[in-house]
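Open the model in your viewer and keep the selection panel at hand. The stops below can be taken in order.

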Amino acid sequence: MLKEVGASGQISLGKKYAGQLFDVVFYPDGRVELVPMKAVPAIQDTTAAAAPARVQEEPGAYRVGDGWLTPERLAARKAAQERSPQETERLARQWASENQGVIDSMNQHYEAVGSMGRRMYEWRKKQAAANHTSSH
């Protein structure tokens with residue numbers, strides 16, 4: 001979906017997102033990422049009048065995005081975004097070199113038994129043929 005930033009610098013996401021908080025991440029290449037957030041008060045008011053409005057969950061119950069974006073993963077993601085294309089390519093070659101034995105082993109396995117997708121396709125084809133034969 002395309003959204004245009006208005007003359008005042010605002011973008012409308014729709015009523016579905018009204019009132020929600022987002023962490024805005026600006027990347028060096030110009031991309032902008034909106035990560036849904038929940039705010040947890042650092043200090044909770046313990047007076048009786050404020051009791052209904054207090055946060056009921058523990059801070060650990062709140063998640064960043066879909067839950068797998070821990071602070072460590074966010075830092076790793078940021079570091080990856082700041083790498084040059086040459087550094088990314090160098091690291092990819094290094095990873096492939098360090099894991100060549102596993103890569104070769106998996107390639108041999110797929111050559112011998114086929115990929116999971118191919119095996120599922122063949123299994124479903126046999127099931128359909130068996131069902132077609134048994135119904136006639």
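How many aromatic pairs does a search of the whole structure find? The search finds 1. Keep in mind throughout that this is a predicted model.

**Stop 1: the hairpin**

Select β1, residues 21-26, together with β2, residues 32-37. The two strands pair in the antiparallel sense, and the pairing runs over 6 bridges. To see one position across the pairing, pick L21, which has M37 of β2 opposite. Now move to the turn: 5 residues sit between the strands of this hairpin, and G30 takes a positive phi there, near 100°.

**Stop 2: a charge over a ring**

Show the side chains of Y27 and R31. R31 lies over the face of the Y27 ring, at 4.2 Å from the ring centre.

**Stop 3: the largest pocket**

Keep Y27 displayed and add V25, E33, L74 and K78; of the 14 residues lining the largest pocket, these five are the closest to its centre. The space in this pocket is about 200 Å³. Which elements supply at least two residues each to the lining? They are β1, β2 and α1, the last covering residues 71-81. Select α1 next, since the largest share of the lining, 4 residues, comes from this helix. Coloured by residue class, the lining shows 8 nonpolar residues, 5 charged and 1 polar.

**Stop 4: the second largest pocket**

Clear the selection and pick M1, K3, V5, I11, L13, V32 and L34, which line the second largest pocket. V32 and L34 fall within the β2 range, 32-37, already visited. The volume here is about 150 Å³. By class, this lining has 6 nonpolar residues and 1 charged, with no polar residue.

**Stop 5: helix α3**

Finally, select residues 100-113, which form α3. How far does this helix reach from its first C-alpha to its last? The 14 residues of α3 reach 20 Å, close to the 20 Å expected at 1.5 Å a residue. Extend the selection to G114, just after α3: this glycine takes a positive phi of about 85°.

Definitions and conventions
Residues numbered from 1 in each chain as written. Predicted model: local features only at pLDDT ≥ 70, side-chain atom pairs only at ≥ 80, totals over all residues. Heavy atoms only, no water. 1 Å grid on protein atoms, 1.4 Å probe; cavity = no way out; pocket = protein on both sides within 12 Å on 5 of 7 lines; lining within 4 Å. Points joined across faces, edges and corners; volume = space filled by probe spheres on them. Nonpolar A, V, L, I, M, F, W, Y, C, P; charged D, E, K, R; others polar. Pairing = 2+ DSSP bridges. Phe/Tyr/Trp six-rings, centres within 6.5 Å; stacked < 30°, edge-to-face > 60°. Lys NZ or Arg CZ within 6 Å of the ring centre and 35° of its normal. Expected span 1.5 Å × (residues − 1).
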